[in-house]
Amino acid sequence: MTEIRLKKGEPVDKALRRLKKRIDREGTLKEVRNHRHYEKPSERRRRKEKVARFSAMLSARYADM
C-alpha cells in the first residue's frame, strides 16, 4: 500500500500530486485497470505478442540510425 506523509507546512494538493506520481511509478493504477474485467489467457498472450511485435518493429526501425 502506497503511503505519503505530509511534510511540515505542505499543502494537501502537493501531497496528492506526490501520491499520484508514486502510484504511477509503481504501476498500481495500471494493474487495477487491467483487472477491471477478466482477460482470457489466449487474449493475454495475443496482447503480449502484439506489444512484442511493436517493440521489435521500433527497435528495428531505430537500429539503422
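Is Glu-39 buried or exposed? Glu-39 is buried, because its relative accessible area is 18% and the cut-off for buried is under 20%. Keep that residue in mind. The tour will come back to it.

Start with the whole chain. The model is a predicted one. It holds 3 helices and 0 strands. Read from the N terminus, the elements run α-α-α. Helix H1 spans residues 12–26. Helix H2 covers 28–34, and helix H3 covers 41–63.

Now look at the overall form. A compact globule of 65 residues would have a radius of gyration near 11 Å. This chain has 19 Å instead. Along the principal axes, the C-alpha atoms fill a box of roughly 50 × 40 × 15 Å.

How much of the chain counts as buried? Of its 65 residues, 5% do. The accessible surface comes to about 6600 Å². Carbon and sulfur atoms account for 54% of that surface.

Charge comes next. The chain carries 22 positive and 10 negative charges. The mean positions of these two sets are 2 Å apart.

Turn to the N-terminal part. Glu-10 sits in the segment before helix H1. Its relative accessibility is 14%, so Glu-10 counts as buried; the limit is under 20%. What does the side chain of Glu-10 make a polar contact with? The partner is the side chain of Arg-18, at 3.1 Å. Set aside the neighbours within four places in sequence, and Glu-10 is in contact with Arg-5, Ala-15 and Arg-18. Arg-18 thus appears both in the polar contact and in the list of contacts.

Back to Glu-39. This residue lies in the loop between helix H2 and helix H3. Its side chain makes a polar contact with the side chain of Arg-47, at 2.9 Å. Leave out the neighbours within four places in sequence, and Glu-39 is in contact with Arg-44 and Arg-47. So here are two glutamates to view side by side: Glu-10 is buried at 14%, and Glu-39 is buried at 18%.

Move on into helix H3. Ala-56 lies in this helix. Ala-56 counts as partly exposed because its relative accessibility is 44%, and that class runs between 20% and 50%. Ala-56 and Lys-14 are 42 residues apart in sequence. In space, their C-alpha atoms are 39 Å apart.

Ala-60 also has its place in helix H3. How exposed is Ala-60? It is partly exposed, with a relative accessible area of 44%. Ala-60 and Arg-45 stand 15 residues apart in sequence. From C-alpha to C-alpha, Ala-60 and Arg-45 are 22 Å apart in space.

Put the views together. The chain has 3 helices, and 5% of its residues count as buried. Glu-10 pairs with Arg-18 through a polar contact, and Glu-39 does so with Arg-47.

Technical notes: Residues are numbered from 1 along each chain as its sequence is written. This is a predicted model: local features need pLDDT of at least 70, side-chain atom pairs count only at pLDDT 80 or more; totals for chains, interfaces and linings use all residues. Side-chain values use heavy atoms; hydrogens and water are left out. Helices (H or I, at least four residues) and strands (E, at least two) are DSSP runs, numbered from the N terminus. The radius of gyration is taken over C-alpha atoms; the globule rule is 2.2 Å times the number of residues to the power 0.38. Buried means under 20% relative accessible area, exposed over 50%, partly exposed in between (1.4 Å probe, protein chains only). Accessible areas come from the Shrake-Rupley method with a 1.4 Å probe; for residues, only the protein chains shown count as cover. Lys and Arg count as positive and Asp and Glu as negative; His and the chain ends are not counted. The place of a charge is taken as NZ of Lys, CZ of Arg, CG of Asp or CD of Glu. A polar contact is a pair of N or O atoms within 3.5 Å; within protein, one must be able to donate a hydrogen and the other to accept it, and residues adjacent in sequence count only if both atoms are side-chain atoms. Contact means heavy atoms within 4.5 Å.
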